[in-house]
Amino acid sequence: MPRILLYDDDKLMIQVLAAAFPSAGWEFATAPGQGDMLLVDPSANNHKGLELIMRLKAEPDSGQLPILALLGSDKASVRATLQELGIP
């Protein structure tokens, strides 16, 4: 079963995803390096999520990890940075 590593500071969003993804055949990874995909809110923890994405993309070993961004807002600057990094 594929594993998703989730980085978000919204407890309700974490609960919703934790309930939804297992029924779709995904399980949650609990530690970095264990996930097959990263699901991250770039704005989480005062933009620490965006910093995490940028750091991972810069590392050769983790640069190929599929990353999906969850945006709670429509900030043009965050979207532009994600597009530059190739993150949908």
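What share of the contacts in the protein chain with a separation of 6 or more is accounted for by residues 24 or more positions apart? In this predicted model, such residues account for 64% of those contacts. The sections below describe the overall form of the chain, then its sheet, its helices and a few individual residues.

The protein chain has three helices and four strands. Read from the N terminus, these elements follow the order β-α-β-β-α-β-α. Along the principal axes, the C-alpha atoms fill a box of roughly 35 × 30 × 20 Å. The radius of gyration is 13 Å, which agrees with the value near 12 Å for a compact globule of 88 residues. Of the 88 residues, 30% are buried. The accessible surface of the chain comes to about 5500 Å², and carbon and sulfur atoms contribute 55% of that surface.

The four strands form an open sheet in the order S2-S1-S3-S4, and their pairing is parallel. Strand S2 (27-28) and strand S4 stand at the edges with a single partner strand each, so one side of each has no neighbour in the sheet. Strands S1 and S3 are paired in the parallel sense through four bridges. Within this pairing, Leu-6 has Leu-39 of S3 as its bridge partner. Strand S3 also runs parallel to S4, and three bridges join these two strands. Here Leu-39 stands opposite Leu-68 in S4. Leu-39 is thus matched with Leu-6 and also with Leu-68.

In a regular strand, side chains alternate between the two faces of the sheet. In S3, Met-37 and Leu-39 lie on one side, while Leu-38 and Val-40 lie on the other. These four residues are all buried, and both faces of S3 are therefore covered, given that buried means under 20% relative accessible area.

Helix H2 covers residues 44-58, a run of 15 residues. The distance from its first C-alpha to its last is 20 Å, close to the 21 Å expected at 1.5 Å a residue. The buried residues of H2 are Ala-44, Gly-49, Leu-50, Leu-52, Ile-53 and Leu-56. An α-helix has 3.6 residues a turn, so residues three or four places apart point the same way. The buried residues of H2 pack against three strands and one helix, namely S1 (3-7), S3 (37-40), S4 (67-69) and H3 (76-84).

Two residues of H2 have backbone angles that deserve mention. Asn-45, which is placed in helix H2, has a phi near 50°, a positive value in a residue other than glycine. Its relative accessibility is 38%, and Asn-45 counts as partly exposed. His-47 is also found in helix H2. The phi of His-47 is positive as well, at about 70°, although this residue is not a glycine. With a relative accessibility of 25%, His-47 counts as partly exposed.

Which residues does Leu-82 touch, not counting those up to four places away in sequence? Leu-82 lies in helix H3 and counts as buried, with a relative accessibility of 3%. Its contacts beyond four places in sequence are Pro-42, Leu-50, Ile-53, Ala-69, Leu-71 and Ile-87. Among them, Leu-50 and Ile-53 belong to the buried residues of H2. Leu-82 and Ile-53 are 29 residues apart in sequence, and their C-alpha atoms are 8.6 Å apart in space.

The aromatic residues were considered last. A pair of aromatic rings is described by the distance of the centres and the angle of the planes. The count comes to one aromatic pair. This pair consists of Phe-21 and Phe-28, whose ring centres are 6.1 Å apart. Their planes stand at 90°, so the pair is edge-to-face, the term that applies over 60 degrees. Phe-28 is partly exposed, with a relative accessible area of 25%.

Terms used: Residues are numbered from 1 along each chain as its sequence is written. This is a predicted model: local features need pLDDT of at least 70, side-chain atom pairs count only at pLDDT 80 or more; totals for chains, interfaces and linings use all residues. Side-chain values use heavy atoms; hydrogens and water are left out. The expected span of a helix is 1.5 Å times one less than its number of residues. Buried means under 20% relative accessible area, exposed over 50%, partly exposed in between (1.4 Å probe, protein chains only). Contact means heavy atoms within 4.5 Å. Two strands pair if DSSP finds at least two bridges between them. The radius of gyration is taken over C-alpha atoms; the globule rule is 2.2 Å times the number of residues to the power 0.38. Accessible areas come from the Shrake-Rupley method with a 1.4 Å probe; for residues, only the protein chains shown count as cover. Rings of Phe, Tyr and Trp (its six-membered ring) pair if their centres lie within 6.5 Å; planes under 30 degrees apart count as stacked, over 60 as edge-to-face and the rest as tilted.
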